[in-house]
Amino acid sequence: MDEIFTTLAQCIRDEDPVALATVIERTDVVRGRNTLLPQLGATLLVSQAVGVRGSLGHDKLDAVVAGDATGALSSGQSVARHYGSAGESRLNDVTVFIDVFAPPPRMIIFGAVDFTAALVKVAKVLGYHVTVCDAREIFATKKRFPEADEVIVGWPDAYLMTVAGRLSARDAVCVLTHDHKFDIPAIVAALSTKVGYLGAMGSRTTHLERVKRLTEAGVAPARLNEIMAPIGLAIGARTPEETAVAICAEIIARRANAEVRSLRDDTGPIHRVAS
Amino acid sequence: MKDLIADIERWQAAGQRVALARVVAVVGAGPRDPGAAMAINEASEVVGSVSGGCVEGAVVAEALGVIESGEPRLCTFGYSDDEVFAVGLTCGGTIRIFIEPVD
């Protein structure tokens with residue numbers, strides 16, 4: 001495994017999507033067929049950058065497993081599969097575990113405010129690659145957001161254009177500026193990407209005005225429903241840190257299709273008075 | 001797994017033998033998904049986890065055996081209620097863990 005492990009470690013460090021296929025089980029007897037079974041622990045690595053490395057001991061099995069590993073890479077799910085010794089799909093001579101190592105999901109936060117600092121921390125705990133973007137250079141500094149992977153001084157829509165092609169359903173955009181001047185271009189640009197979560201901070205009143213402006217900017221009513229605003233779950237969050245937990249919990253819940261109450265689908269004040 | 005690489009490399013650089021344990025299948029309720037990983041060195045130092053703490057002790061024992069023999073093995077851990085002293089999961093599921101030497 002040594003050489004393969006070194007390659008795997010390098011791919012993971014470079015954030016290059018990589019799958020490692022390992023023989024984890026094999027039958028002792030091959031029924032009347034004169035074939036050699038792969039060794040337990042034999043590995044095959046498949047990555048976009050380095051291609052196919054290693055072998056499970058049989059060319060045909062390698063080809064079939066490499067194909068399945070490519071499929072697993074696009075689904076993002078690690079999976080165990082059964083094969084014949086030459087890669088036959090209906091036999092069960094060997095079990096191969098295809099372990100998928102996807103690069104971290106991305107969170108892009110627009111607005112360099114206090115809530116941003118707390119959200120960066122919670123997002124890092126959850127394993128996100130976090131970018132903070134704000135057009136105001138006195139706020140968007142690495143010093144204010146030391147845990148962020150990137151701090152970008154620029155307009156939200158301009159920044160999103162540079163990364164749009166890399167964004168997928170695993171990624172999240174959080175708009176915390178609550179200033180229409182920045183919110184509207186950020187949301188319009190985010191709606192044109194494939195991000196799985198788009199949330200916007202602000203009161204219900206702020207959001208009503210925002211909806212009006214987004215409609216004027218040409219956003220269709222159906223698309224407005226994709227915006228989680230007010231952002232976060234209705235857990236009575238108060239501080240920036242609690243709000244960050246409410247936002248991240250909402251991202252998890254939306255991904256998992258869990259039925260929990262979002263502030264968006266709630267009524268009444270966002271900040272409740274403790275009794 | 002991503003979090004384990006630096007530790008595995010550090011152990012290897014210090015001349016320690018290392019085993020890697022990964023969840024490869026979960027049947028029923030299980031605490032961690034396939035791919036959850038844990039690394040163990042010959043001094044019984046551990047990083048990562050493969051369950052909610054239910055089977056880690058047993059996995060360390062198996063991993064030390066893997067380091068000693070150099071042979072990978074596939075272990076199955078199931079519901080523990082029927083055997084009072086057996087190691088298992090309280091959640092009712094079954095997990096299969098593949099343990100291999102990293103050398």
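Select S44 of chain B in this predicted model. S44(B) counts as partly exposed, because its relative accessibility is 37%, and partly exposed means between the 20% and 50% limits. Look at the backbone next. Phi of S44(B) is near 65°, a positive value in a residue that is not glycine. To place S44(B), show the strands of chain B on either side: the residue sits in the loop between β2 (37–41) and β3 (46–48).

**Chain A: another positive phi**

Move to N257(A). This residue too is not a glycine, and its phi is positive, about 55°. Find N257(A) in the segment after α8 of chain A. Is N257(A) buried or exposed? N257(A) is exposed, with a relative accessible area of 69%.

**A cis peptide**

Step back along chain A to A229(A) and P230(A). The peptide bond from A229(A) to P230(A) is cis. Its omega is near -5°. P230(A) belongs to the loop that runs between β11 (227–228) and α8 of chain A.

**The two domains**

Color chain A by domain. The assignment gives domain 1 as 2–101 and domain 2 as 106–265. Put a marker at the C-alpha centre of each domain of chain A: the two centres lie 39 Å apart.

**The largest pocket**

Turn on the pocket surface. The largest pocket has a volume of about 1700 Å³. Its lining has 49 residues, and those closest to its centre are G76(A), A102(A), P105(A), R170(A) and R255(A). Select these five for a view of the middle.

Where does the largest pocket lie relative to the domains of chain A? Domain 1 (2–101) and domain 2 (106–265) both give residues to the lining, so the pocket lies between them.

Now show the secondary structure around the pocket. In chain A, α1 (2–13), β5 (94–101), α5, β10 (197–200) and α8 (240–256) each supply at least two lining residues. Which element gives the most to this lining? α8(A) does, with 4 residues. Color the lining by residue class: 26 residues are nonpolar, 10 are polar and 13 are charged.

**Helix α5**

Stay with one of the contributors, α5 of chain A. Select residues 180–191 and draw a distance between the end C-alpha atoms. The ends are 16 Å apart, which agrees with the 16 Å that 12 residues should span at 1.5 Å a residue.

Next, color the helix by accessibility. Why call α5(A) largely enclosed by the rest of the structure? Because 10 of its 12 residues are buried, where buried means under 20% relative accessible area. The buried residues are H180(A), F182(A), D183(A), I184(A), P185(A), A186(A), I187(A), A189(A), A190(A) and L191(A).

**The second largest pocket**

Last stop. The second largest pocket holds about 480 Å³ of space. Its lining has 18 residues. Nearest its centre are P17(A), P103(A), R166(A), S168(A) and R170(A). R170(A) is also among the residues closest to the centre of the largest pocket.

Select helix α2 (residues 59–75) of chain A. With 4 residues, α2 gives the most to the lining of the second largest pocket. The lining divides into 6 nonpolar, 7 polar and 5 charged residues. Finish by bringing back the domain colors. At least three residues of this lining come from each of domain 1 (2–101) and domain 2 (106–265) of chain A.

Terms used: Residues are numbered from 1 along each chain as its sequence is written. Chains are lettered from A and ligands numbered from 1 in the order in which they are written. This is a predicted model: local features need pLDDT of at least 70, side-chain atom pairs count only at pLDDT 80 or more; totals for chains, interfaces and linings use all residues. Side-chain values use heavy atoms; hydrogens and water are left out. The expected span of a helix is 1.5 Å times one less than its number of residues. Buried means under 20% relative accessible area, exposed over 50%, partly exposed in between (1.4 Å probe, protein chains only). On a 1 Å grid over the protein atoms alone, a cavity is a set of points where a 1.4 Å probe fits but cannot get out, and a pocket is an open set with protein on both sides within 12 Å along at least five of seven lines; lining residues have an atom within 4 Å of a point. Grid points are joined across faces, edges and corners, and a volume is the space filled by probe spheres set on the points. Ala, Val, Leu, Ile, Met, Phe, Trp, Tyr, Cys and Pro count as nonpolar, Asp, Glu, Lys and Arg as charged, and the others, Gly among them, as polar. Domain bounds come from an automatic or database domain assignment.
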